[in-house]
Amino acid sequence: MAQGAFTGGCQCGAVRFAVSQLGRASMCHCRMCQKAFASIGGLFVAARAFAWTRGQPKHFRSSNTVRRGFCGDCGTPLTYEYEASTDIAICAFDNPAALAPTIQLPSDRRVPWADGLADLPSMSASEQAMAAARYAEIVSYQHPDHDTDVWPPPRAGDANGQ
Ligand SMILES: [Zn+2]
């Protein structure tokens, strides 16, 4: 499986991780993952070797065999932990495009409209231009998609930079 440094973290930046050895990447459609992500399911990759590089997740024991890690400050879902194994949420990585799922689990639990999502109409070119103008005015308070030495950054106008 893929090797190398794969970094990521929660949206507020309180929890960051680095994975050096990855296992299988999957899309889980079970009802528990739907609830944990408040979405159509959970996207996870097995982390065979990893370290928390900033902060630690809090946990919710979602069953007798599994606990799920999340950022206690911003709530971002981060892990699925069972026995001695930890899976990490794919879209919490800085570059989720590099971690394509290879299997769906269990596919018979998909929400019935999930299969049609990729076929939904996209915004028109003019709608996309309007959206781009709106997005250009947005100031994100989320952590960027790379490691940072200091987070959150010093606020502008704060004389001592604290
Ligand atoms: Zn956070």
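The following paragraphs walk through a predicted model of a protein chain, from its overall layout to a few individual residues.

A good place to start is the overall plan. The protein chain contains two helices and eight strands. Followed along the sequence, these elements appear in the order β-β-α-β-β-β-β-β-β-α. The C-alpha atoms fill a box of roughly 55 × 45 × 30 Å, taken along the principal axes. Of the 162 residues in the protein chain, 25% count as buried. It also helps to ask how far along the sequence the contacting residues are from one another. Among contacts with a separation of 6 or more, 60% are between residues 24 or more positions apart.

The interior comes next. The largest nonpolar core has 25 residues, and F44, V45, L78, I88, A89 and I90 touch the most other members. Two or more core residues come from each of strand 2 (16-28), helix 1 (31-37), strand 3 (42-54), strand 6 (77-82) and strand 7 (85-89). Strand 2 gives the largest share, with six residues. L78 offers a handy view of these surroundings. Once its neighbours within four places in sequence are set aside, L78 is in contact with C10, V15, P57, G69, F70, C71, I88, A89 and A92. Two of these partners, I88 and A89, are listed alongside L78 as residues that touch the most other members of the core.

A hairpin gives a clear example of strand pairing. Strand 4 (residues 58-61) and strand 5 (residues 66-70) run antiparallel and are joined by four bridges. Four residues lie between the two strands of this hairpin. Within the pair, R61 of strand 4 stands opposite R67 in strand 5.

Some backbone angles also deserve a look. Most residues other than glycine have a negative phi, and most peptide bonds are trans. Against that background, A38 has a positive phi, near 50°. A38 sits in the loop between helix 1 and strand 3. With 8 other C-beta atoms within 10 Å, A38 is exposed. E83 also has a positive phi, near 45°, and is found in the loop between strand 6 and strand 7. Why does E83 count as exposed? E83 is exposed because 7 other C-beta atoms lie within 10 Å, and a count of 12 or fewer is classed as exposed. The peptide bond between W151 and P152 is cis, with omega about 0°. P152 belongs to the segment after helix 2 (125-136).

The later part of the chain completes the picture. Helix 2 has 12 residues and spans 16 Å from its first C-alpha to its last, close to the 16 Å expected at 1.5 Å a residue. How many of the 12 residues of helix 2 are buried? The count is zero, and helix 2 is hardly covered. Ahead of this helix, L117 lies in the loop between strand 8 (103-105) and helix 2. L117 is exposed, with 9 other C-beta atoms within 10 Å. From D73, L117 is 44 residues away in sequence and 31 Å away in space, C-alpha to C-alpha.

How values were computed
Residues are numbered from 1 along each chain as its sequence is written. This is a predicted model: local features need pLDDT of at least 70, side-chain atom pairs count only at pLDDT 80 or more; totals for chains, interfaces and linings use all residues. A nonpolar core is a set of buried Ala, Val, Leu, Ile, Met, Phe, Trp, Tyr and Cys residues joined through C-beta atoms within 7 Å. A residue is buried if 20 or more other C-beta atoms lie within 10 Å of its own, exposed if 12 or fewer, and partly exposed in between; C-beta atoms are placed from the backbone. Two residues are in contact if their C-beta atoms, placed from the backbone, lie within 7 Å. Two strands pair if DSSP finds at least two bridges between them. The expected span of a helix is 1.5 Å times one less than its number of residues.
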